[in-house]
Amino acid sequence: MTHDVETAAGLRWTPQLMDINDSFQIKSSFQIIPAARYVADRKTLLTIKERGFEVNVHDLKHDGHLFDSRETFLDSAFQINNFAVRFGSRGFRAGALYRNQEWFDAFRFSYDMSVPNVGHLDPQPGGCCTVMPYFVGDILELPVTTIQDYSLFNILGTHSLDLWNTQIDQIMQQHGLISFIVHPDYLDTPEARAAYTTLLDKLSTLRAEAALWIALPGEINDWLRQRSQ
């Protein structure tokens, strides 16, 4: 379970979101924008980590221009790598899942979460066409394998879990990675929060009944690296 924090309101809501997750004993990662939109101070980042959650870097400014040119990207990647040190982060996700994996060698991350398996409703189409993690050079790619909450709630216009349930079932048949992006910014209605808590309840049930491993991205990264050796 991953949470991209896109606004100051979303950042303010992270404590309540952690409370909801903890009620189902499901830890998650929070992707924080380092250089725009809001300021995540040291205390906020420490609070997230002290509660057993994970902090990763989310783009630089989340303005859609990270990969506009190689020259500007390299400058941004330098800044992003510095923020990773300041945040104590090992993982990265680009804004809106924009990506150019041929340039990922400029990052100093252990893993990335910027590539969907399919991108039908994303700004950048295409995808990696797999529900399995894979290496891009030294970086482990953890693909996004389910529909994002924004696409489900706002583009498809539904709070039904039918599509999420179908994707979960299909991925489990392949013993793959079930990866969610749920934004605290879009859990601002009773319908959205109800859908999310129902999702957590289903995942909790699968953990108990089907031996589903619910792990932080960093834990998956460590396990896959040990497995690859």
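1. A crossing of two helices is called right-handed if the near helix is turned clockwise from the far one by less than a right angle, and left-handed if anticlockwise. In this predicted model, the crossing of H6 and H7 is right-handed.

2. The two helices in question are H6, residues 162–173, and H7, residues 190–210. Their axes lie 12 Å apart and make an angle of about 25°. Angles under 35 degrees count as roughly parallel, so H6 and H7 are roughly parallel to each other.

3. Which residues of H6 meet H7? On the H6 side they are Trp164, Asn165, Ile168, Asp169 and Met172. Their partners in H7 are Leu199, Lys202, Leu203, Leu206 and Ala210. Sorted by type, the residues of this contact are 7 nonpolar, 1 polar and 2 charged.

4. The largest nonpolar core has 57 residues. Those that touch the most other members are Met1, Ile32, Phe107, Trp164, Phe180, Tyr196 and Leu199. Trp164 and Leu199 also appear in the contact of H6 with H7.

5. Several elements supply at least two residues each to this core: helices H2 (14–23), H3 (42–50), H4 (70–87) and H5 (149–155), strands S2 (29–32) and S3 (54–58), and also H6 and H7. Which of them gives the most? That is H7, with 7 residues.

6. A second core, separate from the one above, has 8 residues. Among them are Tyr111, Met113, Leu140 and Leu224.

7. Isoleucine 32 deserves a separate look. Leaving aside residues up to four places away in sequence, isoleucine 32 touches Val5, Leu11, Tyr38, Ala40, Leu45, Val55, Asn56, Val57, His58 and Phe87.

8. Two residues other than glycine have a positive phi. For arginine 37 the value is about 75°; this residue is in the loop between S2 and H3. Its relative accessibility is 46%, so arginine 37 counts as partly exposed. For cysteine 129 phi is near 60°, and the residue is in the loop between S5 and S6. Is cysteine 129 buried or exposed? At 69% relative accessibility it counts as exposed, because the cut-off for that class is over 50%.

9. Histidine 120 is in the loop between strand S5 (111–112) and strand S6 (134–136). With a relative accessible area of 72%, histidine 120 is exposed. Histidine 120 and isoleucine 147 are 27 residues apart in sequence, and their C-alpha atoms are 9.4 Å apart in space.

How values were computed: Residues are numbered from 1 along each chain as its sequence is written. This is a predicted model: local features need pLDDT of at least 70, side-chain atom pairs count only at pLDDT 80 or more; totals for chains, interfaces and linings use all residues. Side-chain values use heavy atoms; hydrogens and water are left out. Axes are lines fitted to C-alpha atoms, for helices over the stretch in contact, and angles run from 0 to 180 degrees between N-to-C directions. Helices (H or I, at least four residues) and strands (E, at least two) are DSSP runs, numbered from the N terminus. Angles under 35 degrees count as roughly parallel, over 145 as roughly antiparallel, 65 to 115 as roughly perpendicular and the rest as oblique. Contact means heavy atoms within 4.5 Å. Ala, Val, Leu, Ile, Met, Phe, Trp, Tyr, Cys and Pro count as nonpolar, Asp, Glu, Lys and Arg as charged, and the others, Gly among them, as polar. A nonpolar core is a set of buried Ala, Val, Leu, Ile, Met, Phe, Trp, Tyr and Cys residues joined through side-chain atoms within 4.5 Å. Buried means under 20% relative accessible area, exposed over 50%, partly exposed in between (1.4 Å probe, protein chains only).
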